[in-house]
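Welcome! Here is a short tour of the aromatic rings in this structure and what lies around them.

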Amino acid sequence: MHAPMKTSRTDWWLGSLFLLGVCGYLALLMTVGRFPFVDEIYYKAAGREWAVSGHFRSPECAGFIEVALEYAGYSAAESKAAAADHANVSVDEIFATYPPLYPFLFGLFVKMFGFSWRTSLLYDGLLHVWLCCITIWGARRIAPEGARWRAYLAGLAVLPLGTVGRPDELAMCFGMAACGLALAPMLTWPRCMISGALLGLCCGTSMGAALGFACVWAGLRVPVLFSAQWRGALAATAL
């Protein structure tokens with residue numbers, strides 16, 4: 001059984017420090033900004049277009065593959081050949097390897113707050129903060145009694161890291177939340193259904209992340225396959 005989580009004075013201090021770090025991170029992001037990334041066009045264009053016109057499509061991506069490949073270091077001939085191979089791909093086609101949840105949620109965000117460089121950065125910034133909070137929550141669940149204050153250090157360590165303009169962090173939030181629920185000593189049906197729904201949302205965001213977190217989830221809940229030490233290692237891997 002997991003011991004009840006008690007809040008100590010150290011937890012309050014580190015929690016306050018984490019809150020200050022989050023506020024500073026978001027303030028810096030909204031005032032200074034960051035470097036743009038090519039992936040943002042791939043993953044956000046459909047959401048912005050849906051918010052503006054109601055059509056879930058990416059007109060910005062028409063002919064964009066040639067530019068993207070040249071940016072990635074391919075020769076002009078290789079880029080033109082790849083662009084010719086993809087010339088007949090419709091801009092409203094959804095690929096299984098690029099699930100639509102991240103751009104769809106971005107479209108909802110644009111509908112509520114409008115579209116600008118600041119709202120685009122704020123969307124990723126809030127997802128990153130959520131990932132830090134999920135990291136703290138998961139780390140507190142696996143940390144031994146008396147050392148749960150280290151979870152805040154884990155959250156602070158994640159704050160300057162991560163990816164931007166991509167669905168990776170959103171998928172990690174869903175997957176880590178699902179695995180965190182699986183750490184409960186008694187996995188009730190409601191908890192199991194919520195955990196499964198979170199894995200489904202993870203799959204709707206990134207199929208690769210969903211596959212990895214599903215393996216971790218199974219390892220956490222099937223003691224026949226993994227010892228207690230291995231399940232602890234899997235929980236740390238999820239974090």
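## Rings and their neighbours

F113 is exposed, with a relative accessible area of 52%. Keep in mind that this is a predicted model.

F113 shares helix α5, which covers residues 101–113, with F109. The two sit four residues apart, about one turn of the helix. Unlike the exposed F113, F109 counts as buried, because its relative accessibility is 9% and the cut-off for buried is under 20%.

How many aromatic pairs does the structure hold? There are eight. One of them joins F109 and F113, with 4.8 Å from centre to centre and 50° between the planes, a tilted arrangement.

F109 also pairs with Y123. Their ring centres are 5.6 Å apart and their planes stand at 50°, so this pair is tilted. Here the link runs between distant parts of the chain: F109 belongs to helix α5 and Y123 to helix α6 (residues 117–142), 14 residues apart. Y123 is buried, at 5% relative accessibility.

Stepping back, ring pairs connect Y43, Y102, F106, F109, F113, F115 and Y123 into a cluster.

Lysines come into the picture too. Which residues lie over the faces of F106 and W50? The table gives the two cases.

| Lysine | Ring it lies over | Distance from the ring centre |
|---|---|---|
| K44 | F106 | 5.2 Å |
| K111 | W50 | 4.9 Å |

F106, the ring beneath K44, is also a member of the cluster described above.

Notes
Residues are numbered from 1 along each chain as its sequence is written. This is a predicted model: local features need pLDDT of at least 70, side-chain atom pairs count only at pLDDT 80 or more; totals for chains, interfaces and linings use all residues. Side-chain values use heavy atoms; hydrogens and water are left out. Rings of Phe, Tyr and Trp (its six-membered ring) pair if their centres lie within 6.5 Å; planes under 30 degrees apart count as stacked, over 60 as edge-to-face and the rest as tilted. Buried means under 20% relative accessible area, exposed over 50%, partly exposed in between (1.4 Å probe, protein chains only). A charge sits over a ring if NZ of Lys or CZ of Arg is within 6 Å of the ring centre and within 35 degrees of the ring normal.
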